[in-house]
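Colleague: Got a minute to walk me through this one? I'd like to go through it bit by bit.

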Amino acid sequence: MTLKIIQELNFLLSEHPSVVYFRWSPTQSWGSTWMFLITSISAYIAISVTLHVFLLLLHRHKPVPLGPIPSLHSLAMALLSATIFIGILSSSVAEIRDTRWFWRRSKTPFQWLLCFPLGTRPSGRVFFWSYVFYLSRFLHIFRTIFTILRNPQKLPYFQIFNHSILICMSFLWLEFSQSFQVLAILSMTLVFATVYGYRFATDVGLQKSSSFPLVMVCQIILVVTNLGWHVGVLVLHFLKGGCNGMGAWVFNTVLNSFVLLLVLNFYVKKCLSERDYAASGVEGKAAASEISYKLLTSSNRL
């Protein structure tokens, strides 16, 4: 019975016709045009700024009650991230099995995950899950709305910038069949599933709140692994005759270097702030809680 369930899940995740015959194109994929990308990011920024200004005009100083909505959002993000992680992992195994004959003399499976062969088209299993990841970024941006409603006096510029960058990067992965995106998505969805699952458990009282160490560990792991993926792609590009989507990779690297600098700058300032508040137990806890939340929302966007 268990084996049958596993086989059925594997079929749905990596062998279903919708997955196997997926193709990224303006006629077959919702949200796959440059106009949609520009419009959606512009709308996201406009809605965030408008909501912030509206609350300021109302002289709203206290957090707006959100009830269970943030907790349900955390649960949805955790389940969706876990599904994408399992889906792209099983699809990668199936894709390697079916296409290895084409590139096995020049690459190992791990090298294929880092460096797609030149001429790779955005179609098939792994790109289906990359597309799902791209769409999930639009669910992710609701965290910005929650942040504004919880703190009407501050507009989370850094969070807005990070979310916009991740939407743009996810689009570029598909548009240019960019190498290393499979490993990037595996890393990010594993982190999101862990952190948002923990967040939901904390919200509903299943776990005591102590998310700062967890977020810090996830942040460090994500930064280190992403740095490794970028270096690996660069090495393989010059040693193995080229990797697909290197133009997008360069743009990706520049943006992520900028984001990383902002993260480090933010982290140093917050750590110094926490040290100043350490003399007061209550204020120290508040500072640590704020840092943990900000670090999660600003985790490296690849």
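Colleague: Leaving aside its neighbours within four places in sequence, which residues is Tyr 134 in contact with?

Modeller: Keep in mind that this is a predicted model. Tyr 134 is, along with Trp 129, one of the residues with the most contacts inside the largest nonpolar core, which has 66 residues. Setting aside neighbours within four places in sequence, its partners are Trp 24, Gly 31, Phe 36, Ile 167, Ser 170, Phe 171 and Leu 174.

Colleague: Are H3 and H8 roughly parallel or roughly antiparallel?

Modeller: Look at the axes of H3 (residues 34-57) and H8 (residues 157-175): they come within 11 Å and cross at roughly 170 degrees. Angles over 145 count as roughly antiparallel. So H3 runs, relative to H8, roughly antiparallel.

Colleague: And how do the residues of that contact of H3 with H8 divide?

Modeller: H3 brings residues including Trp 34, Leu 37 and Ile 41, while H8 offers Ile 167, Phe 171 and Leu 172, among others. Sorted by type, the contact of H3 with H8 comes to 10 nonpolar, four polar and one charged.

Colleague: What about H7 and H8: which residues of H8 make that contact?

Modeller: The axes of H7 (residues 142-150) and H8 come within 10 Å and cross at roughly 175 degrees. That angle makes H7 roughly antiparallel to H8. From H7 come Arg 143, Thr 144 and Thr 147, and from H8 come Gln 159, Ile 160 and His 163.

Colleague: Over which residues is the pLDDT below 50?

Modeller: The chain averages a pLDDT of 81, and 81% of the residues score at least 70. The stretch below 50 still has 63 contacts in the model beyond near neighbours in sequence, and it covers residues 282-302.

How values were computed. Residues are numbered from 1 along each chain as its sequence is written. This is a predicted model: local features need pLDDT of at least 70, side-chain atom pairs count only at pLDDT 80 or more; totals for chains, interfaces and linings use all residues. Side-chain values use heavy atoms; hydrogens and water are left out. Axes are lines fitted to C-alpha atoms, for helices over the stretch in contact, and angles run from 0 to 180 degrees between N-to-C directions. Helices (H or I, at least four residues) and strands (E, at least two) are DSSP runs, numbered from the N terminus. Angles under 35 degrees count as roughly parallel, over 145 as roughly antiparallel, 65 to 115 as roughly perpendicular and the rest as oblique. Contact means heavy atoms within 4.5 Å. Ala, Val, Leu, Ile, Met, Phe, Trp, Tyr, Cys and Pro count as nonpolar, Asp, Glu, Lys and Arg as charged, and the others, Gly among them, as polar. A nonpolar core is a set of buried Ala, Val, Leu, Ile, Met, Phe, Trp, Tyr and Cys residues joined through side-chain atoms within 4.5 Å. Buried means under 20% relative accessible area, exposed over 50%, partly exposed in between (1.4 Å probe, protein chains only). pLDDT is the predictor's confidence in each residue, from 0 to 100.
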